[in-house]
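Please open the structure in your viewer and keep the selection panel at hand. The tour moves from one selection to the next.

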There are 2 protein chains.
Amino acid sequence: MNKFIRVNMTTMQVTTEAVPEKYVGLGGRALTSNFVNDEVKPTCHALGKNNKLIFAPGLLSGTSAPNSGRLSVGGKSPLTGTIKESNTGGSFSQKMAKLGIKALVIEGMPKDDKFYIIKIDMNNVTIEESPTEILSGCGNYKAIEVLSEKYGKNVGIGLAGPAGEYRLPSANISFKDPEGNIRSAGRGGLGAVLGSKKVKALVIDDTGATAVPIADPEKFRAASKVFSKALLDHPVAGQGLAAYGTDVLVNILNEAGGLPSYNFTTGRIDHNDIISGETLNATITERGGEGKVSHGCHRGCIIRCSQWYPDKQGKYITSGFEYETIWGLGADAGIQDLDTIAYIDRAMDDIGIDSIETAVAVATAMEGGLLPWGDGEAVLEAVKQIAVPTPLGRILGGGCAIVGKICGLYRVPVVKDQAIPAYDPRSVKGIGLTYATTTMGADHTAGYCISGNILKVGADLDPLKKDGQIEYARAMQIGTAAVDSTGMCLFVYFGIADNPGGYQALIDMINAQYGISLTATDVDKLGESVLKVERAFNKRAGFTNVHDRLPEFFEYEPLPPHNEVWDFTPKEIDEVYNF
Amino acid sequence: MNKFIRVNMTTMQVTTEAVPEKYVGLGGRALTSNFVNDEVKPTCHALGKNNKLIFAPGLLSGTSAPNSGRLSVGGKSPLTGTIKESNTGGSFSQKMAKLGIKALVIEGMPKDDKFYIIKIDMNNVTIEESPTEILSGCGNYKAIEVLSEKYGKNVGIGLAGPAGEYRLPSANISFKDPEGNIRSAGRGGLGAVLGSKKVKALVIDDTGATAVPIADPEKFRAASKVFSKALLDHPVAGQGLAAYGTDVLVNILNEAGGLPSYNFTTGRIDHNDIISGETLNATITERGGEGKVSHGCHRGCIIRCSQWYPDKQGKYITSGFEYETIWGLGADAGIQDLDTIAYIDRAMDDIGIDSIETAVAVATAMEGGLLPWGDGEAVLEAVKQIAVPTPLGRILGGGCAIVGKICGLYRVPVVKDQAIPAYDPRSVKGIGLTYATTTMGADHTAGYCISGNILKVGADLDPLKKDGQIEYARAMQIGTAAVDSTGMCLFVYFGIADNPGGYQALIDMINAQYGISLTATDVDKLGESVLKVERAFNKRAGFTNVHDRLPEFFEYEPLPPHNEVWDFTPKEIDEVYNF
């Protein structure tokens with residue numbers, strides 16, 4: 001019943017097989033990373049015919065488990081050269097799960113220059129030529145409209161936007177959410193891989209699909225209830241994120257002196273109120289219209305950290321308006337206007353480019369003299385050029401490392417060529433260990449040490465001190481690798497970190513679904529095994545411990561207001577992966 | 001008497017010390033590479049304060065030994081991230097040697113934004129503010145005029161051109177030659193390092209210097225005579241290069257099917273006559289005026305492979321008009337006009353950008369749709385934008401790897417992010433081993449296997465076969481590392497490869513100068529030790545055998561006309577450095 005689908009874009013053949021024995025019981029990141037390590041040549045060119053893309057719902061995706069609708073996408077990253085798992089909301093994961101598709105693999109590369117649509121439904125997987133009207137710079141919003149018109153308004157859609165078509169290193173894969181807006185498998189440039197395979201879009205229609213089978217429905221329902229309560233009762237997962245979105249973090253990080261601003265030259269700004277979650281909430285509330293303070297990126301989300309941000313007339317501008325994007329443009333690039341930031345966010349979604357990579361690239365471009373500091377209109381104009389693409393558009397779409405190189409800078413906040421996000425490692429030391437060591441290049445979501453360092457959820461560490469951070473960063477990365485395999489949104493962590501019953505309920509749901517009996521130890525082992533597999537791939541791709549380092553300037557430029565530097569030794573950093 | 005000078009650009013202090021014991025007896029590349037490995041943190045940012053630049057004349061520089069005027073420049077490369085030795089003609093090396101300066105080291109970085117001139121003479125080393133008229137896009141030709149006017153027309157000058165000022169990854173260091181024209185330490189972006197240290201120029205005045213001391217002048221003279229004869233008697237070193245320049249290779253490589261053309265899609269073109277050395281010679285001869293068919297890049301050169309290429313009115317356009325540049329623009333980018341290629345070459349010299357890296361970047365940009373195929377005028381216009389720099393100028397100044405990334409290409413001819421030069425590794429297999437394994441990133445001069453594969457000098461190997469290539473590439477790299485330490489031009493190899501007496505004469509000159517008794521075995525050991533030191537640096541910088549690979553497309557795209565692919569296994573490639 002469970003299917004493993006391969007689409008070969010060289011031969012234009014589709015193969016449907018049973019899930020290979022070795023992948024049975026795996027989902028999400030565990031499945032994508034094992035597959036990539038097994039089948040992708042680590043030294044291949046990420047945009048060449050030997051890379052493969054794999055899409056896999058999580059273990060719980062498609063069920064009624066809250067927040068279980070995340071989709072993992074895996075491949076070799078053209079941005080970092082490492083293995084990559086990027087996950088997203090939207091409805092794609094749940095539809096795949098309902099159709100019993102454990103994985104969709106895209107391999108090979110057509111010889112011609114046409115773009116194609118891969119269409120999946122109950123009975124078939126077909127490869128069709130893409131409508132030309134959605135090619136060559138057409139934005140994702142319009143493309144989703146055209147495809148929904150053509151294939152039905154309830155289909156799930158995954159897209160290479162203009163950035164992906166042009167195979168730019170920061171291209172994401174954009175996904176239609178339940179309302180036809182945009183969610184992204186954002187980091188690591190997998191949209192460029194999709195574009196290299198000449199796949200403009202994946203369309204999935206789950207009409208006729210039955211519910212995901214549950215071995216023990218009663219146990220599942222009971223566990224799901226406990227799990228829901230754990231999320232909703234928690235002040236972060238149940239309240240803070242719903243009220244202020246992830247942007248709640250602006251004031252928190254600013255207060256902590258860990259909000260990297262003006263290309264990582266200070267950890268605190270004066271204009272935090274202009275871009276804070278509190279202001280975001282007040283603005284949406286005041287403007288009304290299509291604005292929504294709280295909204296989910298996929299069906300079944302009960303945390304609802306997204307919003308619909310409207311313009312002054314109440315018309316929808318953007319959603320999934322995340323802290324990291326607002327930080328990057330508002331603090332790191334110093335754009336002191338939330339509306340302009342919203343329009344830039346919309347443009348990035350429309351073009352299909354990672355908003356973290358691009359925002360940090362913008363701030364670096366400002367240091368390099370390519371763009372004027374804090375000039376939101378200039379940035380909006382420049383970002384739109386990615387869809388043309390002009391040379392400047394290509395540079396920004398290349399990501400922060402490339403901007404740093406062509407501007408001749410040494411202050412370039414990247415690890416493994418991926419931009420460092422919204423938490424300065426000098427004043428939040430735990431997250432620096434994640435940036436340095438994760439298999440993904442700098443990525444806060446790979447081990448969100450902000451939790452125990454700043455939010456004091458799950459742990460209580462002094463963010464300015466090294467004590468306990470190594471063990472914590474290790475545990476967070478292991479736990480995250482496991483959660484990323486379940487289809488769960490990462491934010492469920494807040495609800496279960498200090499709530500053993502909530503954590504057990506998550507495991508119970510998996511056990512009830514599959515009729516198995518995993519323990520917490522098994523889950524830890526799963527997380528460890530995923531990281532080991534990813535690290536094995538990276539090693540074969542040429543990465544060593546030397547690449548597990550932060551940019552040198554963090555070591556000698558103290559960050560105001562605490563004036564701390566990054567002071568973990570190489571030996572200490574290497575301890576994170578000592579398991 | 002022999003001096004080791006350090007200029008600290010952070011403190012603006014100059015220190016002159018005796019040559020440290022461990023560096024006594026070393027010169028050129030042996031000295032720069034040992035120094036960089038000893039003193040530069042391999043994980044430092046190449047444009048940060050912890051990189052250092054070292055300039056060192058070769059062992060024989062400053063003497064009357066023919067062709068001994070090359071200067072080695074060392075540091076960590078911002079282009080490749082590896083150790084780098086780049087060497088050049090001009091008069092700088094000889095003047096340093098005459099002043100008894102074994103090495104000039106530039107370290108640190110000023111806090112302000114001013115640019116400086118380092119002025120060296122018999123008695124002093126001073127740091128002066130740069131005249132502003134030679135900054136911010138001023139071309140090297142004018143800068144040399146201004147500096148010669150200010151400091152005297154016989155001074156030696158080393159320069160960061162506009163590309164170096166902007167710290168672009170392919171910036172070279174430009175050197176004034178005896179006539180005030182331009183020679184370059186071309187590869188690896190060391191001009192960006194000079195720019196990062198805010199050094200606009202080095203000026204050296206050897207007025208009052210005495211001759212380089214020779215321990216046994218009579219033995220030296222005798223050896224020098226034998227050596228000269230070996231060079232002049234050889235058909236390549238003594239005749240071919242003088243008549244046609246290095247551009248003699250266009251027809252030879254085209255005939256061999258190893259002239260990579262149209263971004264490495266074919267190894268043979270029809271328009272070879274338009275860009276050949278024979279045509280170059282005929283054009284210069286016919287035009288007369290300031291044209292010179294044969295000319296040396298430094299005093300004492302008897303090979304004289306350079307030319308002065310004039311315009312239709314006989315006015316000088318450019319010199320040092322190398323095969324690799326003409327190949328890159330004429331064959332790889334398909335520009336079918338030698339005059340336009342000459343103007344582009346002049347523009348690259350004027351801007352201070354590596355002509356190999358830039359020419360290959362141009363061809364890659366054509367494949368990526370950034371520039372129209374074969375359009376010389378568009379390329380000239382685009383290259384001139386590097387001096388502004390516009391976004392397109394910055395992209396081209398970023399080098400081939402960056403062009404490949406922002407164009408989303410997998411056909412990107414680089415190794416360790418440095419462009420592959422003018423000999424296709426699929427049809428000249430020996431040179432592919434050098435590209436893959438040299439410590440410098442793709443570089444034909446690091447082990448010129450064209451010699452035994454195509455020219456049949458020093459060896460006779462079938463270029464289409466793997467037999468014997470591993471041992472040959474190893475021997476050539478070892479020999480080259482030794483020659484690069486003597487101050488000798490690499491082309492002396494042709495004269496001594498099949499002439500044991502000529503080789504012995506080279507060793508005899510060194511022995512006579514220093515009163516020592518090196519043997520051929522010692523010279524081999526020197527070469528080996530240089531490579532080992534360089535590889536040790538690279539390893540600590542994060543490089544592994546996995547980086548010693550050619551781009552993947554060479555493995556599966558056969559190159560016409562022979563339709564060979566690159567078929568050395570990783571294991572075979574790794575054998576090159578098994579010594």
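What follows is a walk through the contact between two chains.

This is a predicted model, in which local features need pLDDT of at least 70 and side-chain atom pairs count only at pLDDT 80 or more, while totals for chains, interfaces and linings use all residues. Residues are numbered from 1 along each chain as its sequence is written, chains are lettered from A and ligands numbered from 1 in the order in which they are written, and side-chain values use heavy atoms, with hydrogens and water left out.

Begin by selecting chain A and chain B together: each brings 37 residues to the contact (heavy atoms within 4.5 Å). Between them about 3,000 Å² is buried, 58% of it from carbon and sulfur atoms; buried area is the accessible area, with a 1.4 Å probe, that two parts lose on being put together, summed over both. Now pick out A:Arg394, A:Ile406 and A:Glu552, which supply 20% of the area that chain A buries against chain B, more than any other three residues.

Next, select residues 391–398 in both chains, helix α15 in each, where the two helices pack at an angle of about 50° with their axes 8 Å apart. α15(A) is therefore oblique to α15(B) (neither under 35 degrees, nor over 145, nor 65 to 115). Show the side chains of Pro391, Leu392 and Ile395 in chains A and B, since these make the helix contact.

Finally, turn to A:Asp417 and B:Lys405, whose side chains meet in a salt bridge at 4.0 Å, N to O (a side-chain nitrogen of Lys or Arg within 4 Å of a carboxyl oxygen of Asp or Glu). Across the interface of chain A and chain B, the rule finds five salt bridges.

How values were computed:
Axes fitted to C-alpha atoms, helices over the stretch in contact; angles between N-to-C directions. Helix = DSSP H or I, 4+ residues; strand = E, 2+ residues; numbered from the N terminus.
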